[in-house]
Amino acid sequence: MASLDYSSNSPKTPTFASTPKTPTNNSTQNLQSRFFRSISTKDAPSFSNFPYTPPHSTNSPSSRTQSLHASPTASPLHPLQSSSPSKNPDLLTAYRCISSVLKKDGQILSVAASNGLVYTGSASNLIRVWKLPEFTECGQLKTKACMVVAMEVSHDKVYAAYGDGKVRVWQRTWDGGLKHVRLATIPKTGSYVRSLYIAAGKDKMHMGAITSLAINVSEDILYSASIDRTVKVWRISDLKCIETIKAHAGPINEIIVADDGVLYTASDDATVRVWRRNFCRGDQLPHSLTVTLPAKYSPVKTLTLTPDGGVLYGGCTDGYIHYWLKGWFSGQLHYGGALQGHTHAVMCLASVANYVVSGSADSTSRIWSRDVEDGQHTCLALLVGHRGPIRCVTAFSGRLGDEAEEGCTICTGSLDGVLKVWRVTCTNKIADNLCSAQSECEYFQL
């Protein structure tokens, strides 16, 4: 499938700022040369190089979510209609920002959602827990370590990677209310010291900062990726490292695991690699490389899979989102094209239903829809409001509160320290026109 030309095939997105002058050839070249690149040092990751204007904190003691700075998309409703012919012209896509929160935690670096709860990690030593649909803070997870760079939630367990190269594990319980009990630290205390005297050295920690976590639910395996170019495989039952994969020639930015156990790794070496587990060597369960997918010479910052595992998306530092399609019979991945729209590096991706959500260093998020019949992608919405690069995003589907329409809820965390919650719904255009005045009063005005 050929690469998509966003300017001709994608619908126009709403613009709320004054229209800039058409850039000259020289300014266009300068813009293209300012794409952000992935971190390639062995030090702890730093996000201070991204330019942004931090919003002002509020002195209000209320814990209710508030809109803390001017956001052009914080008005009640922003419908967006595609300029291309729609197979269902009666459907109207609407989106709105329903919450915007600023805490004194610094940059928002990670976010995860599970069972009606949203977990956010920042540059501080706190993980904040938020309850949906009202999006109120209902708990905190504290440690001595700072900088929560990655999180995963599975089977009522929260796994969080910190700037010190370790992973903390909490057990979530509902007895007498929501509680989180600290279970363990990976590697275990002292295991790194012991590994210096063990020939195999399986228990040693990463030699660089951890960048991503992934969980193989069926095999009870935790993966951790690092800028030291390796992926470590941890057995959750005893929290021991059972394998170290030398995965890439450059720092690894993100890893994800499909439902069938296939591991995908993205790196600064401008490739995505696919790994499978071998079950023929006893307890070690080594992984073997299946295929290497080139990403057009651009470092790959982030990955996501569609829920059925049929499409793999990779966000790159050149602003493109490349995607690969899995063959129905062969199961092999082949290049499908690229989504163009962002002007800076794509830093995070999320997938839910037939939507793909991207967050970029250009301080915007885009919502893409993929047609299940012809595979064409359409940009449904451009979410504008952050004042810094969007570092993390998560999305989940379903109704929110008393809404009648199905849709998806999106949480975006930015280096400006602001956490935003967005709501995207598909409504019937005819019914929406009949009760437009009434519906605007029902939306929560920020």
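This report covers the cavities, one salt bridge, one sheet and the annotated repeats of a predicted model.

Residues are numbered from 1 along each chain as its sequence is written, and side-chain values use heavy atoms, with hydrogens and water left out. Because the model is predicted, local features need pLDDT of at least 70 and side-chain atom pairs count only at pLDDT 80 or more, while totals for chains, interfaces and linings use all residues.

**Cavities and the salt bridge**

Two cavities of 30 Å³ or more are found in the structure. A cavity here is a set of points, on a 1 Å grid over the protein atoms alone, where a 1.4 Å probe fits but cannot get out; lining residues have an atom within 4 Å of a point. Grid points are joined across faces, edges and corners, and a volume is the space filled by probe spheres set on the points. The largest cavity has a volume of about 80 Å³. Its lining consists of V101, K103, D105, I108, T120, G121, S122, L126, R128, W130, G417 and L419. Strands β4 (117-122) and β5 (126-131) are the elements that give two or more residues to this lining; strands are DSSP runs of E of at least two residues, numbered from the N terminus. By class, five lining residues are nonpolar, four polar and three charged, with Gly counted as polar and Asp, Glu, Lys and Arg as charged.

Two of the lining residues, D105 and R128, also form a salt bridge with an N to O distance of 2.5 Å. The term means a side-chain nitrogen of Lys or Arg within 4 Å of a carboxyl oxygen of Asp or Glu. R128 belongs to strand β5, whereas D105 sits in the loop between β2 (91-102) and β3 (108-114), 23 residues apart. The whole structure has eight salt bridges.

**An antiparallel sheet**

Strands β15, β16, β17 and β18 form an open antiparallel sheet in that order, where pairing requires at least two DSSP bridges between two strands. The edge strands, each paired on one side only, are β15 (252-257) and β18 (287-294). Neighbouring strands are turned by 20° against each other on average, direction ignored; axes are lines fitted to C-alpha atoms. Seven bridges join β17 (residues 271-277) to β18, and V272 has L293 of β18 as its bridge partner.

**Annotated repeats**

An unreviewed UniProt entry carries the annotation "repeat: WD" for residues 203-244, 245-275 and 339-369; such annotations may be inferred rather than shown by experiment. Two of these spans are described below.

| Span | Helix | Strand | End C-alpha separation |
|---|---|---|---|
| Residues 245-275 | 0% | 58% | 10 Å |
| Residues 339-369 | 0% | 65% | 11 Å |

Methods
On a 1 Å grid over the protein atoms alone, a cavity is a set of points where a 1.4 Å probe fits but cannot get out, and a pocket is an open set with protein on both sides within 12 Å along at least five of seven lines; lining residues have an atom within 4 Å of a point. Helices (H or I, at least four residues) and strands (E, at least two) are DSSP runs, numbered from the N terminus. Axes are lines fitted to C-alpha atoms, for helices over the stretch in contact, and angles run from 0 to 180 degrees between N-to-C directions.
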